[in-house]
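Grab a pencil and try each exercise before you read its solution. The steps are short, so take your time with them.

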Amino acid sequence: MASLRRWVVGAAILAIAGCARVNPYYDANLAHHTPSGFKNNYPHRTPGSTDLWRWRFDQWRDNLPAEPNDPASLATVPADPSWIRQASDDVRLTWVGHSTLLVQLGRFNLLTDPQFSERASPVSFAGPRRFQLPGVALADLPHIDAVVISHSHYDHLDLPSVRALAMQPGGPPVFMVPLGIDLWFRDNVPGASDVRPLDWWGKTTVGDKTLTLLPVQHWAARTLSDRNQTLWGAWSVDSAAPKFRFLFGGDFGYSRDLADIGQREAPFDLAAIPVGAYAPRWFMTPQHVNPAEAVQAHRDVRARSSVAIHWGTFSLTDEPLDQPPKDLALAREAAGMPAEEFFVMKHGESRVWKDGKWMVRAPGS
């Protein structure tokens, strides 16, 4: 019954019909713009509804997704809210889970794709369910200065989470979003008073931080009728003080966009690169990198170090939740890459950037 429910719910969410609407941001001079929305930069095979139903049938037949082999490895580590909220001049990184990172650039607190809900779904009673609680609770966060959203999918743009952040004590953060998601915020998050829509390669500043929306290969939808009517992308964050460059990959399939980012925006001190939700490859390749492709992406964008995201929190595809770190270790070994160059965190874990290296902070230290 659970497998059948996943199949039906997943099909309802992912089988996007795509009714034509007017793109208010349409620019005929930009190749990735269409009159009704947006498209990727580089040609690739796009799975259709037949592929979707084949995948969902295979999941039902084979009782997938597979259960974790080592569930204990996915447990959270105790976060230290008092330390997280304490003002510091350091660069600090905390993994909340999935694609949600708290990036603290001195006194500037940045949150990526905030997802704190029990499910990544338009409804509270069905859809992918969180395997563990968030590594840091929403109520334990410091005041968030800025939020970056990569795209509109429910595991990246969560309505209860952004509504709570818009109502945080001390005033709402600045929300940086791809084109079109600002209209969704206008209709759904009235407390968000500063929402900044950007096109690919567009820039905005918050204090001494410069944020740029970057092209990656993916897609967007929240309903059965809005496929690709909002844009998607990765984000670069250039901090003057402390001096640090961060790339938030969000969610993507492997494409030449990554080399383009490396040529135009690199180098980065840290890149957050997705490593999960990659099986089966015949269906997921255009939209999600596997760990070997993630290692290549790390090199393409010329990151000094990378952290693995988009794994271990929501069971979205066929591989066990704890498989991506194992496959990442094999990919690093094949590439001759040390573990600390592309590292994996536990939910709730924090690290501090010291002398060009990431130091794991032991709870209570």
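Below are six exercises on this predicted model, each followed by a worked solution.

**Exercise 1. Classify the ring pair formed by Trp95 and Trp311, and find where each partner lies.**

Solution.
- Step 1: A pair of aromatic rings is described by the distance of the centres and the angle of the planes.
- Step 2: For Trp95 and Trp311, the ring centres are 5.3 Å apart and the planes meet at 25 degrees.
- Step 3: Centres within 6.5 Å make a pair, and planes under 30 degrees apart count as stacked. The pair of Trp95 and Trp311 is therefore stacked.
- Step 4: Now locate the partners. Trp95 belongs to strand β3 (residues 91-97), while Trp311 is in the loop between β14 (306-309) and α9 (323-335). Because these parts are 216 residues apart in sequence, the pair ties together distant stretches of the sequence.
- Step 5: Check the surroundings: Trp95 and Trp311 are both buried.

**Exercise 2. Do the same for Phe244 and Trp353, then name the aromatic cluster that holds them.**

Solution.
- Step 1: The ring centres of Phe244 and Trp353 are 5.4 Å apart, with the planes at 80 degrees.
- Step 2: An angle over 60 degrees counts as edge-to-face, so that is the label for Phe244 and Trp353.
- Step 3: Phe244 is part of strand β12 (residues 244-248) and Trp353 is part of strand β16 (residues 350-354), so the pair ties together parts 109 residues apart in sequence.
- Step 4: A residue is buried when its relative accessible area is under 20%. Phe244 has 1%, so Phe244 is buried. Trp353, with 14%, is buried too.
- Step 5: Phe244 and Trp353 join Phe343 and Trp358 in one aromatic cluster. The structure has 11 aromatic pairs.

**Exercise 3. Which charged ends sit over the rings of Trp83 and Trp219?**

Solution.
- Step 1: Start with Trp83: the charged end of Arg92 sits over its ring, 4.4 Å from the centre.
- Step 2: Move to Trp219: here the charged end belongs to Arg227, again 4.4 Å from the ring centre.

**Exercise 4. Describe helix α2, and work out how its buried residues are arranged around the axis.**

Solution.
- Step 1: Helix α2 has 14 residues and reaches 20 Å from its first C-alpha to its last. That is close to the 20 Å expected at 1.5 Å a residue.
- Step 2: The buried residues in α2 are Asp51, Leu52, Trp55, Arg56, Asp58 and Gln59.
- Step 3: Looking down the axis of α2, the buried residues fall within an arc of 155 degrees, so they line one face of the helix.
- Step 4: Look just past the end: Asn63 follows α2 with a positive phi of about 55 degrees.

**Exercise 5. Is His44 buried, partly exposed or exposed, and what does it touch?**

Solution.
- Step 1: His44 is in the loop between β2 (37-38) and α2 (49-62).
- Step 2: The partly exposed range runs between 20% and 50%. His44 has a relative accessible area of 29%, so His44 is partly exposed.
- Step 3: Setting aside neighbours within four places in sequence, His44 is in contact with Gln217 and Pro286.
- Step 4: The side chains of His44 and Gln217 are joined by a polar contact of 3.4 Å.

**Exercise 6. Find the backbone features at Pro267, Pro280, His98 and Asp113.**

Solution.
- Step 1: Most residues other than glycine have a negative phi, and most peptide bonds are trans.
- Step 2: The bond from Ala266 to Pro267 is cis, with omega near 5 degrees. Pro267 is in the loop between α6 (257-265) and β13 (270-274).
- Step 3: The bond from Ala279 to Pro280 is also cis, with omega near 5 degrees. Pro280 is in the loop between β13 and α7 (281-284).
- Step 4: His98 has a positive phi of about 50 degrees. His98 lies in the loop between β3 and β4 (100-105) and is buried, with a relative accessible area of 1%.
- Step 5: Asp113 has a positive phi near 35 degrees. Its place is the loop between β5 (108-112) and β6 (146-148), and at 0% relative accessibility Asp113 counts as buried.

Note on methods
Residues are numbered from 1 along each chain as its sequence is written. This is a predicted model: local features need pLDDT of at least 70, side-chain atom pairs count only at pLDDT 80 or more; totals for chains, interfaces and linings use all residues. Side-chain values use heavy atoms; hydrogens and water are left out. Rings of Phe, Tyr and Trp (its six-membered ring) pair if their centres lie within 6.5 Å; planes under 30 degrees apart count as stacked, over 60 as edge-to-face and the rest as tilted. Helices (H or I, at least four residues) and strands (E, at least two) are DSSP runs, numbered from the N terminus. Buried means under 20% relative accessible area, exposed over 50%, partly exposed in between (1.4 Å probe, protein chains only). A charge sits over a ring if NZ of Lys or CZ of Arg is within 6 Å of the ring centre and within 35 degrees of the ring normal. Contact means heavy atoms within 4.5 Å. A polar contact is a pair of N or O atoms within 3.5 Å; within protein, one must be able to donate a hydrogen and the other to accept it, and residues adjacent in sequence count only if both atoms are side-chain atoms. The expected span of a helix is 1.5 Å times one less than its number of residues. The arc is that of the directions from the helix axis to the C-beta atoms.
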